[in-house]
Amino acid sequence: MSSNDLDALLRVTSSTYRGETPPDIAFGTYDGAVGRLVLAVTGKGIAACSFEAENDVYELVTRHVGSFIGPEARRLDPVRRELDAYFSGRLRTFTTPVDLALATPFARSVLQKTTAVPYGTTTTLERIGESIGRPRALRAIGNALASNPVCVIVPCHRVVREDGALGDYAGGPAAKQHLLNVERRTVDAGR
């Protein structure tokens, strides 16, 4: 599916409900300091905040969560406002509910542990492994972090290598470093 096809589908989908029945999943994008993030919000919360291509996220959400998708600003704008506040250093904790429907049960356990990593700090794969009772499952933990469907909001960027190196990140090393810098500057400024 090309980007033009996706745009056309979203226009058709949004014109079909014209205020009557909103889509099951609000779908859109956010352009921020680390590039374009693709967003998908279900009735339970944010299911995608992804660096992946729009078409890929759309197909994944359609396959695993639901098929009635549209660009509903009323549900996307609160997430966008929180992302704006986060990137400007005014928000340390996201209040947007998270829907980890796109993650496997194992990945959910890993991602839930990353939400406990305090803002402005980091942890390691090894510590995450110990906290979930799987200290030797480092490759699986790394894969769970790499497939995080809700980047930034579920802070997998706070997980680094044991030697302090950044490690891999879905948005690339520059995006990961930027996120860590935003948090460190905010903490250092006492905000």
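The axis of a helix is a line fitted to its C-alpha atoms, here over the stretch in contact, and the angle between two helices is taken between their N-to-C directions. Two packed helices are described by the angle between their axes and the distance between the axes. In the predicted model analysed here, this description applies to helix α4 (residues 105-114) and helix α6 (residues 138-146), whose axes come within 9 Å and cross at roughly 75°. Angles from 65 to 115 degrees count as roughly perpendicular, and α4 and α6 are therefore roughly perpendicular to each other. On the side of α4, the contact is formed by Phe106, Ala107, Val110, Leu111 and Thr114; α6 contributes Ala140, Ile141, Ala144 and Leu145. Of the residues in this contact, 8 are nonpolar and 1 is polar, while none is charged.

Helix α6 also contains Gly142. Partly exposed residues lie between the limits of 20% and 50% relative accessible area, so Gly142, at 23% relative accessibility, counts as partly exposed. The C-alpha atom of Gly142 is separated by 9.9 Å from that of Gly129, a residue 13 positions away along the chain.

The strands of the model were examined next. An open sheet is formed by 4 strands in the order β3-β2-β1-β4, with mixed pairing. Its edges are occupied by β3 (46-50) and β4 (69-70), each of which pairs on one side only. Within the sheet, strand β1 (residues 25-32) pairs with strand β2 (residues 35-41) in the antiparallel sense, over 7 bridges. In this pairing, Ala26 stands opposite Val41 of β2.

Two helices accompany the sheet. Helix α2 (residues 54-64) packs on it and touches β1, β2, β3 and β4; the direction of α2 makes about 155° with that of β1. Helix α3 (residues 73-87) lies across β1, β2 and β3, and runs at about 25° to β1.

The interior was described through its nonpolar cores. The largest nonpolar core has 38 residues, among which Leu83 and Val152 touch the most other members. At least two residues of this core are supplied by each of β1, β2, β3, α3, α4, α6 and α7 (173-188), and the largest share, 6 residues, comes from α3. When neighbours within four places in sequence are left aside, Leu83 is in contact with Tyr30, Leu37, Leu39, Cys49, Phe94, Val152 and Ile153. Apart from the largest core lies another, of 10 residues, including Ile25, Ala40, Tyr58 and Val61.

How values were computed. Residues are numbered from 1 along each chain as its sequence is written. This is a predicted model: local features need pLDDT of at least 70, side-chain atom pairs count only at pLDDT 80 or more; totals for chains, interfaces and linings use all residues. Side-chain values use heavy atoms; hydrogens and water are left out. Axes are lines fitted to C-alpha atoms, for helices over the stretch in contact, and angles run from 0 to 180 degrees between N-to-C directions. Angles under 35 degrees count as roughly parallel, over 145 as roughly antiparallel, 65 to 115 as roughly perpendicular and the rest as oblique. Contact means heavy atoms within 4.5 Å. Ala, Val, Leu, Ile, Met, Phe, Trp, Tyr, Cys and Pro count as nonpolar, Asp, Glu, Lys and Arg as charged, and the others, Gly among them, as polar. Two strands pair if DSSP finds at least two bridges between them. A nonpolar core is a set of buried Ala, Val, Leu, Ile, Met, Phe, Trp, Tyr and Cys residues joined through side-chain atoms within 4.5 Å. Buried means under 20% relative accessible area, exposed over 50%, partly exposed in between (1.4 Å probe, protein chains only).
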